[in-house]
Amino acid sequence: MNIDGKAWRTIWLESDGRSVGVIDQTLLPHRFTTRTLCNCDEAAEAISTMVVRGAPLIGVTGAYGLMLALQEDPSDAALQTAFEQLNATRPTAVNLRWALERVRDRLLPLPPEQRPEAAKREAARIADEDVAMCAAIGDHGLAIFQQLAAARPVDRRDEPFNVLTHCNAGWLATVDWGTALAPIYKAHRAGLNIHVWVDETRPRNQGASLTAYELGREGVPHTVIVDNAGGHLMQHGQVDAVIVGTDRTTRRGDVCNKIGTYLKALAAHDNQVPFYVALPASTIDWTLGDGVAEIPIEARSAQEVTQIQGRDSAGMITSVQLTPDGSPGFNPAFDVTPARLVTALITERGVAEASEAGLKGLYADD
Ligand code: MRU
């Protein structure tokens with residue numbers, strides 16, 4: 001996608017052919033800087049500190065992390081150590097394990113000296129496939145938005161088509177396009193009069209900082225709202241559809257996404273607002289059925305709750321304390337929305353009911 005007229009991906013192989021470039025997402029929207037990851041420790045640190053984040057991008061960074069590790073030591077033991085180190089960085093997004101297993105399984109049969117190049121090729125393939133999957137999600141989601149917009153009462157068809165989204169499931173969360181934001185970009189480019197309600201998404205504010213940044217750079221009309229405003233807007237007919245991403249989707253169609261997603265799904269259900277979840281195949285965990293009981297939920301530092309980061313009047317990026325001294329915080333980073341609250345899953349293969357039958361209908365061979 002575009003930043004000041006230049007097309008970017010979120011991750012790339014640097015010109016030395018050995019190191020990996022990423023956008024530092026901890027400083028956005030105030031400062032656009034890139035970082036170079038030179039070894040596996042740096043890749044692991046970039047994932048755990050959320051320099052890179054978003055389920056698909058975490059997966060691709062993990063794949064390149066294995067490449068970086070093998071450039072230093074291509075042995076079986078080093079491969080296993082790097083796999084475990086990277087896999088432990090963030091526990092909820094299944095794309096990480098999926099990408100690490102895919103690279104590891106491709107490398108293990110090879111002689112060690114061939115592994116670094118093979119890892120590079122496989123990581124690049126995963127990245128390219130992610131772009132293609134997200135673009136296809138965009139096409140399927142666009143068709144849904146066009147149908148919903150056209151189905152509104154005649155006297156409302158000149159109004160903007162209002163979509164609400166939570167967290168950041170845009171191109172910054174993937175390699176390009178995004179999952180939930182891909183249909184929004186495609187709709188905007190297709191000329192649909194679309195407007196996006198952007199949940200700020202406490203505690204890390206990926207909506208206010210990253211989604212708003214992305215939409216602004218692409219010229220998509222949007223408004224940032226506090227997380228608690230969505231239900232009110234739905235009650236007053238100001239949301240035509242909700243669309244979010246997911247970090248792990250069980251085979252039954254339960255979806256785990258950024259904390260607060262479940263409350264939006266409840267509000268949408270109560271107000272008959274369609275609630276869509278956009279995902280590539282790499283986000284489906286076929287081994288799990290009941291998302292609430294089985295998906296591991298990352299607990300992040302309480303400091304992310306008790307403090308908030310922003311830019312001060314001198315232009316410095318700084319953190320301030322929100323809570324009284326001594327008040328503890330608790331920070332579960334994700335929640336699970338049961339399949340019954342999901343109108344449909346939008347995947348690269350098409351649109352499915354959020355159920356085992358629905359997913360199997362699209363992925364019979366998986
Ligand atoms: O903690 P984050 O910022 O990695 O969480 C990101 C999300 O929850 C996204 O909605 C999710 O990864 C889907 S991404 C396309």
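# The ligand and its shell

Trainee: What makes the space taken by the ligand a cavity?

Mentor: In this predicted model, the space taken by the ligand is the largest cavity, a cavity being a set of points on a 1 Å grid over the protein atoms alone where a 1.4 Å probe fits but cannot get out. A molecule sits in such a space if more than half of its atoms lie within 2 Å of its grid points. Local features need pLDDT of at least 70 and side-chain atom pairs count only at pLDDT 80 or more, while totals for chains, interfaces and linings use all residues. Residues are numbered from 1 along each chain as its sequence is written, and side-chain values use heavy atoms, leaving out hydrogens and water.

Trainee: Which elements give two or more residues to the shell around the ligand?

Mentor: They are helix 2 (55-72) and strand 11 (255-258), helices (H or I, at least four residues) and strands (E, at least two) being DSSP runs numbered from the N terminus.

Trainee: Which residues come nearest to the ligand?

Mentor: Among the 19 residues around the ligand, these are Arg53, Arg90, Gln206, Asn257 and Lys258, where a residue counts as near if one of its heavy atoms lies within 4 Å.

Trainee: What makes the approach of Arg53 to an oxygen atom of the ligand a polar contact?

Mentor: A polar side-chain atom of Arg53 lies 2.9 Å from a ligand oxygen, and a pair of N or O atoms within 3.5 Å is a polar contact, so the pair qualifies. An N or O atom in the side chain of Arg90 is 2.8 Å from an oxygen atom of the ligand, and for Asp247 the corresponding distance is 3.0 Å. Of the 410 Å² that the ligand exposes when taken alone, the protein buries 99%, by the Shrake-Rupley method with a 1.4 Å probe.

Trainee: Why is the ligand said to lie between domain 1 (2-127) and domain 2 (153-362)?

Mentor: Both domains give residues to the shell, so the ligand lies between them; the bounds come from an automatic or database domain assignment.

Definitions and conventions
Polar contact = N/O pair within 3.5 Å; in protein donor to acceptor, adjacent residues only side chain to side chain. 1 Å grid on protein atoms, 1.4 Å probe; cavity = no way out; pocket = protein on both sides within 12 Å on 5 of 7 lines; lining within 4 Å.
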